[in-house]
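This report is meant for someone meeting the structure for the first time. Please look over the sequence and the model before reading on.

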Amino acid sequence: MPRIGNDEISLAYQAAKSVYDGCTEKNRAIASLIENVGMNHASATFYLNAFQKMMEGKQYEKTINGLAANYYLENIRRDYGNEKYQSALSSLYKHICYYEYKSGSNCKTLREVHKKHFIILMQDIDYESFSRNLECSVKTSLEESKNDRINRISKAKDSPKPSEYRVEVTVYDRNPDVIAEVLARANGICEKCNKGAPFTRKSDGSPYLEVHHLIHLANGGDDTVENAVAVCPNCHREYHYG
Ligand SMILES: [Zn+2]
Ligand SMILES: [Zn+2]
């Protein structure tokens, strides 16, 4: 089989994207990668599968090379935005732990790719979105096999300190008056589903609602009462993940 280089990778990405977007059947995409790109059946399957798992934030097992992982991440960011980009990074990290667990070797190149993209993500995402995506990743991990999770954790124990990166980030100095005024307007009732706040704050007994910007600050939205709503945590999640 020919070495998998840039041309093959970009065609594999297009094929995988087209399957994910529902434009091509998986079998047809595999056939076309075999016929037009010269991949064998197994590689074609791995390359499609890795993309699918990246979009879901789940572990993929068969490795794609560092060049391909880098290309996939760059293009997922461009084509689907930061939320999927963060999923894809989480998927890559799971793959690295899985692979290192299985093989006993060190995925140095893939770890470098992961690090590079993690820094790009952190320079571009607001903290609120990042932590919400992380919450979603936790949910995804819970949906996956416990056995896989335990194996990955056992591997991650080899270097138990979390990676620490210095990055320049954009933070928004949100106006507390706007938050207060929106909460006062809502008066304890979610402005989306019109139900009462599901619980009260431990600190002061006030109804727990979260203030969400309709046009996100990261997308140029204004920090104003008009651009904000007070919503229950359920509705807040729906705004972000529909
Ligand atoms: Zn609600
Ligand atoms: Zn929000």
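What follows describes the domains, the interface between them, and two loop residues with an unusual backbone angle.

## Two domains and their interface

The structure is a predicted model, and the domain assignment of its chain gives domain 1, covering residues 6–156, and domain 2, covering residues 176–241. The centres of domain 1 and domain 2, taken over C-alpha atoms, are separated by 34 Å. Where the domains meet, eight residues of domain 1 are in contact with six residues of domain 2.

The size of an interface is often given as the accessible area lost when the parts come together. Here the area buried between domain 1 and domain 2 is about 670 Å², and carbon and sulfur atoms give 42% of that area. On the side of domain 1, Glu83, Glu128 and Arg132 together supply 58% of the area that this domain buries against domain 2, which is more than any other three residues.

Turning to specific interactions, two salt bridges are found across the interface of domain 1 and domain 2. Arginine 132 forms a salt bridge with glutamate 210, in which the closest N and O atoms are 3.0 Å apart. Counting residue pairs in polar contact between domain 1 and domain 2, with both residues at pLDDT 80 or more, gives three.

Which helix gives the largest share of the side of domain 1 that touches domain 2? Helix α7, made up of residues 127–143, contributes six residues to that side, the largest share. By residue class, the side of domain 1 that touches domain 2 divides into five charged, two polar and one nonpolar residue.

## Two loop residues with positive phi

Most residues other than glycine have a negative phi. Asparagine 187 nevertheless has a positive phi, although it is not a glycine, and asparagine 194 likewise has a positive value in a residue other than glycine. Asparagine 187 is placed in the loop between α9 (176–186) and β1 (210–213), and asparagine 194 also lies in the loop between α9 and β1.

The table sets out the angle and the relative accessible area for each of these residues.

| Residue | Phi | Relative accessible area |
|---|---|---|
| Asparagine 187 | about 50 degrees | 64% |
| Asparagine 194 | near 60 degrees | 60% |

Are these asparagines buried or exposed? Asparagine 187 counts as exposed because its relative accessible area of 64% is over the 50% cut-off. Asparagine 194, with a relative accessible area of 60%, is exposed as well.

Terms used. Residues numbered from 1 in each chain as written. Chains lettered and ligands numbered in written order. Predicted model: local features only at pLDDT ≥ 70, side-chain atom pairs only at ≥ 80, totals over all residues. Heavy atoms only, no water. Domains from an automatic or database assignment. Contact = heavy atoms within 4.5 Å. Buried area = accessible area lost by both parts, 1.4 Å probe. Salt bridge = Lys/Arg side-chain N within 4 Å of Asp/Glu carboxyl O. Polar contact = N/O pair within 3.5 Å; in protein donor to acceptor, adjacent residues only side chain to side chain. Helix = DSSP H or I, 4+ residues; strand = E, 2+ residues; numbered from the N terminus. Nonpolar A, V, L, I, M, F, W, Y, C, P; charged D, E, K, R; others polar. Buried < 20%, exposed > 50% of the residue type's maximum accessible area, 1.4 Å probe, protein only.
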